[in-house]
Amino acid sequence: MADKLAESDDLDWKGKLPGFAPVKGIWSEFAKDVAAMANTRGGLLFTGSAIR
């Protein structure tokens, strides 16, 4: 499905969620994506390796 719909302001595709191991920058990028959608008009954030 990800190959048919392009990312946009209200649709974002992520291969997988960041792990719980502390890796600098990984969670902050994910948090920025979530916050950006929450601060606009909302949207859909799909995660999972099957979407690639």
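Q: What percentage of the 52 residues in the chain is buried?
A: A residue counts as buried under 20% relative accessible area, as exposed over 50%, and as partly exposed in between, with a 1.4 Å probe and protein chains only. The model is predicted, so local features need pLDDT of at least 70 and side-chain atom pairs count only at pLDDT 80 or more, while totals for chains, interfaces and linings use all residues. Residues are numbered from 1 along each chain as its sequence is written, and side-chain values use heavy atoms, leaving out hydrogens and water. Of the 52 residues in the chain, the buried share is 15%.

Q: Which element has the highest confidence, and which the lowest?
A: Confidence is given as pLDDT, the predictor's value for each residue from 0 to 100. The chain has a mean pLDDT of 75, and 81% of its residues reach 70 or more. Where pLDDT is low, the predicted coordinates should not be read in detail. The highest mean, 82, belongs to E1, and the lowest, 80, to H1.

Q: Which pattern does the chain follow along the sequence?
A: Helices (H or I, at least four residues) and strands (E, at least two) are DSSP runs numbered from the N terminus. The chain contains 1 helix and 2 strands. Read along the sequence, their pattern is β-α-β.

Q: Which residues are linked in a network of salt bridges?
A: A salt bridge requires a side-chain nitrogen of Lys or Arg within 4 Å of a carboxyl oxygen of Asp or Glu, and the whole structure holds 2 of them. One joins Asp-12 and Lys-14 at 3.5 Å, N to O; the other joins Lys-14 and Asp-33 at 2.6 Å, N to O. The network therefore consists of Asp-12, Lys-14 and Asp-33.

Q: How many residues apart in sequence are the parts that Lys-14 and Asp-33 tie together?
A: The side chains of Lys-14 and Asp-33 meet in a salt bridge. Because Lys-14 lies in strand E1 (residues 11-14) and Asp-33 in helix H1 (residues 26-39), the pair ties together parts whose separation in sequence is 19 residues.

Q: Is Asp-12 buried or exposed?
A: Within the salt-bridge network, Lys-14 is partly exposed at 22% relative accessible area. Asp-33 is partly exposed, also with a value of 22%. Asp-12 has a relative accessible area of 9%, so Asp-12 is buried.

Q: What is the angle between the planes of Trp-13 and Phe-46?
A: Rings of Phe, Tyr and Trp (its six-membered ring) pair if their centres lie within 6.5 Å; planes under 30 degrees apart count as stacked, over 60 as edge-to-face and the rest as tilted. The structure holds 1 aromatic pair. Trp-13 and Phe-46 form this stacked pair, with 4.8 Å from centre to centre and an angle between the planes of 25°.

Q: Which strands does the aromatic pair link?
A: Trp-13 is buried at 12% relative accessibility, whereas Phe-46 is partly exposed at 30%. The two residues are 33 residues apart, and their pair links distant parts of the chain: strand E1 and strand E2 (residues 44-47).

Q: How far apart in space are Ser-28 and Pro-18?
A: Ser-28 is placed in helix H1 and is partly exposed, with a relative accessible area of 36%. Ser-28 and Pro-18 are separated by 10 residues in sequence, and their C-alpha to C-alpha distance is 9.8 Å.
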